[in-house]
There are 2 protein chains.
Amino acid sequence: MGHSRPADQAGLRRGNLALLVRTLREHGALSRAQLAVRSGLSKATVSSLVSDLELRGLVHSAGISAGGQGRPGQLVALRPTSVSGVGLDVHVGHVGAAVTDLAGDIVFRRRFVCDVPALGPERTIDHLAELATAALAEVDGLVGPPVGVTVSVPGLVDTSAGTVTLAPRLRWRDVAVADELAARTGLPLDLISVDNDANLGAMAEQAAMNGESGDPVTDLVYLTGDFGIGGGVISGGRLVRGSIGFAGEIGHMGMDPLGPYCSCGRRGCWETRVGLGALLHACADPDDPVRDPTLDLDQRMRMVRARAAQRDQRTLDALHQIGSALGVGVSILVNLLNPAVVVLGGYFAALPEWLVEPIRNQVVAGVLAPGAGGARVVGSRLGFTASTTGGALAALRRVLDDPTVVPLNQPEDEEAPA
Amino acid sequence: MGHSRPADQAGLRRGNLALLVRTLREHGALSRAQLAVRSGLSKATVSSLVSDLELRGLVHSAGISAGGQGRPGQLVALRPTSVSGVGLDVHVGHVGAAVTDLAGDIVFRRRFVCDVPALGPERTIDHLAELATAALAEVDGLVGPPVGVTVSVPGLVDTSAGTVTLAPRLRWRDVAVADELAARTGLPLDLISVDNDANLGAMAEQAAMNGESGDPVTDLVYLTGDFGIGGGVISGGRLVRGSIGFAGEIGHMGMDPLGPYCSCGRRGCWETRVGLGALLHACADPDDPVRDPTLDLDQRMRMVRARAAQRDQRTLDALHQIGSALGVGVSILVNLLNPAVVVLGGYFAALPEWLVEPIRNQVVAGVLAPGAGGARVVGSRLGFTASTTGGALAALRRVLDDPTVVPLNQPEDEEAPA
DNA sequence: GACTTTCGATCGGGCACTCAACGAAGTGGA
DNA sequence: TCCACTTCGTTGAGTGCCCGATCGAAAGTC
């Protein structure tokens, strides 16, 4: 067990500051008295903590609470523009960036199309650094300084070193992404982290689910749908990373020893059955524009959608086939992990009307726990943007976990551009 | 996220008391000065904490530290006999009990053979209560009072309610184990918890691994080997329970849509290929004593071992076949969870010489991460006793996480039986 | 307009940890 | 033998944090 750090009063304070920030994120503006009730802290402590957060610029007064008896409360609300989080994304066909404010709302998003495997790490990171610099310049004045930058990479990542160990699809190996990015952007190295795209996608989807409904989702499985399939697992509210951070490599589950050959050299990997390649092969001939790699993927997905909507039999058959094969693997995941939700990301998210049903059928049939252990299967609403959004949220988490990373001493002068 | 409790100074104290207890468990007897260095606390705080733990009877002086310059330190050591943990076990063919001291060493173990499905829940819990009462009577005087009792059940468990939701092999459904046991034994209800056998086995194996080697194992997969196959997953040092506690139901992963029918009604479940039934069928004819259900399982396993050691071809083939089928499933687990160790429990633990090798081969071939992501495959040394041991450890964890559950005010009179 | 209710600031108190100082208890050399 | 020297563990002052109680402030109610 690694939890071997002593607890001191500073940590106690940090924890309670974070508790208030979380409470405000979940419930919106609250008075100090309401905060005291919801957090379980005393009014006196809440007053002290709120004034601390005010000095850090993380919260501000937000009017007077509505009717009721007695003295009205002075509402305290998160100041979303106080800080920002930056998510960067290295994909096979593009690099992307997203910036969110403290509330998690996107304030900037951009994508730069490029052939990453052909460019190589050096020049790709050049583009990434440009994108980051442009993003920060563009949001300057709108939101406060970034509290973190997280780079999403589809591959095996050493998060503690900020390096990519192996990313076959990018043809990257042992790339010091954090170092290189810090050197190019001038951002401090300790602000930059690197993580797997499926992990970040899972975080983004979890945040999206918790933003809307009642019960917070603590157990979630996220599937990236692309040529390769990745998995992000959140269990008990925490990411499952594995002993050296390689968890979630789900695309290469062996589903059929006699199945088609996979890029990894083995046969019958799950992604040979449910990856984007499998869909495209099943639903279109080689000269079909749907299979034209020079076209934008979103556009090709819209074509598939249109055909399915018009009840084109070949397309429907292909989708049903993919959905069933997905269901077999999802059943394994649900049996093993008992998630509350399975989120279909990537290209799956463009086709939920045809994929979710066959998956659900397979899962209900294939899971031992009654009612599939309560697992829902849903399409992502973030689609291909999940990993950048998740990166920005991961960056914000630093503040949410420890608000003292934002310095004190900013009593006045906010982002009012002269 | 559920971590919404305010932190106060009492919690801080609890955390630091627990920190010292953990440090002493890991490093053995230490002086106060050494404790201060290892824990990161100040000498003054350590003195205060140690005297607190002394008043609770959890530690005691243990001589003077050896040579070196300066004043020798007064060693402080855990007092293993101060409290005890009780693990109870409901199995298909027996009920069992184990009691450990604070160090995790077994001080009592007993098994009562009975046909649990035939007896039904009521009478089974009668036996369990008898066993528990006998155990506590027998260890009275040897160790202190139990800080918890954990019941291991092979099935789906609602840990918060202490009930068994569904245990097909026992033919139990919605059995209030904790309540019933409390009523029969007179033990306070809040001391009793109920958990899945694979979860407890995983905890026991993790503790066993960390007891010996250097690096603590935080990511581990445990497989129960019986007629059914269960999985216990520890990720980042914490059990993966799933959204409603049904995680780890790994025996019913669909491995082959055309495979043999399973007791769950589906085809090709993993346990039809690697469960005890599969082994027995593959290695012996129906009239072979190995397949005589009236014989003790340990004894039958010894027969299989003997034949394999004598290079009986049919036995070797059977073991190789089981090992390969195990490897396919283990590869999935390793790809998804990237554990540091996969522990083979239950009947697998009796045959590691013939099972580990084919599994390793499959895993190395079937896992994307280089070198199988560092995953080792090992046979359990606890075997069928893992779940009771794990139950006792789970009970002890209450003290390890919060030493203040043991009351103060026991300055004198220890367990010196008149 | 007085009463009631609720809010939020403030103060004193208790608790936990830290630092610095000091006596205690050994070693090693003169 | 005696005296530095080193290290240990306790003690007391100091600081920071949370809490309960108190009190003035700011509304609604009668």
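**Notebook: two chains and two DNA strands**

I opened with B:Asp174, which lies in strand β10 (residues 172-175) of chain B; helices (H or I, at least four residues) and strands (E, at least two) are DSSP runs, numbered from the N terminus. B:Asp174 has a positive phi of about 55°, although it is not a glycine. Is B:Asp174 buried or exposed? I found B:Asp174 exposed, with a relative accessible area of 58%. Here buried means under 20% relative accessible area, exposed over 50%, and partly exposed in between, using a 1.4 Å probe on the protein chains only.

**How to read my notes**

This is a predicted model, in which local features need pLDDT of at least 70 and side-chain atom pairs count only at pLDDT 80 or more, while totals for chains, interfaces and linings use all residues; side-chain values use heavy atoms, with hydrogens and water left out. Residues are numbered from 1 along each chain as its sequence is written, and chains are lettered from A and ligands numbered from 1 in the order in which they are written.

**Another positive phi, in chain A**

I then looked up A:Asn338, whose phi is near 45°, a positive value in a residue other than glycine. A:Asn338 sits in the loop between α10 and β15 (341-344) of chain A. At 1% relative accessibility, A:Asn338 counts as buried.

**Helix α10 of chain A**

Next came A:Ser324, found in helix α10 (residues 313-337) of chain A. A:Ser324 counts as buried, at 19% relative accessibility. What does A:Ser324 touch, not counting residues up to four places away in sequence? I noted A:Pro358 and A:Gln362, where contact means heavy atoms within 4.5 Å. A:Ser324 and A:Pro358 are 34 residues apart in sequence, yet their C-alpha atoms are 5.5 Å apart in space.

**How the chains relate**

I superposed chain A on chain B: a rotation of 180° with 0.0 Å of shift along its axis does it, with an RMSD of 0.1 Å. That is the relation of a two-fold axis. The same surface serves both copies, since 98% of the contact residues of chain A recur in chain B. The superposition is by least squares on the C-alpha atoms of residues with pLDDT of at least 70 in both copies.

B:Ser235 showed me a spot where the chains touch. B:Ser235 belongs to strand β13 (residues 229-235) of chain B and is buried, with a relative accessible area of 9%. Leaving aside neighbours within four places in sequence, B:Ser235 is in contact with A:Arg238, A:Val240 and A:Arg241, and also with B:Thr218, B:Asp219 and B:Val240.

**The core**

How many residues does the largest nonpolar core have? I read off 106; such a core is a set of buried Ala, Val, Leu, Ile, Met, Phe, Trp, Tyr and Cys residues joined through side-chain atoms within 4.5 Å. Those with the most contacts inside it are Leu223, Trp270 and Leu279, in chain A and in chain B. I followed B:Leu279: beyond four places in sequence, its contacts include B:Met301, B:Ala318, B:Leu319 and B:Tyr347.

**DNA strand C**

I counted 25 residues around DNA strand C, and A:Ser47, A:Arg71, A:Gln74, B:Asn16 and B:Arg71 come nearest; a residue is near a strand if one of its heavy atoms lies within 4 Å of it. By class there are seven nonpolar, 13 polar and five charged residues. Ala, Val, Leu, Ile, Met, Phe, Trp, Tyr, Cys and Pro count as nonpolar, Asp, Glu, Lys and Arg as charged, and the others, Gly among them, as polar. The largest share of this surface, four residues, comes from α1(B).

For polar contacts with DNA I accept a pair of N or O atoms within 3.5 Å. A base nitrogen of strand C is 2.8 Å from a side-chain N or O atom of A:Gln9, and a base nitrogen is 2.7 Å from one of A:Lys43. A backbone N or O atom of A:Gln74 lies 2.4 Å from a phosphate oxygen of strand C.

**DNA strand D**

Around DNA strand D I found 26 residues, the closest being A:Arg13, B:Gln9, B:Ser47, B:Arg71 and B:Gln74. Sugar and phosphate account for 63% of the atoms of strand D that come within 4 Å of the protein. A base oxygen of strand D is 2.5 Å from an N or O atom in the side chain of B:Gln9, and a phosphate oxygen is 2.6 Å from a polar backbone atom of B:Ala33. The largest share of the surface near strand D, four residues, comes from α1(A).

Technical notes:
A polar contact is a pair of N or O atoms within 3.5 Å; within protein, one must be able to donate a hydrogen and the other to accept it, and residues adjacent in sequence count only if both atoms are side-chain atoms.
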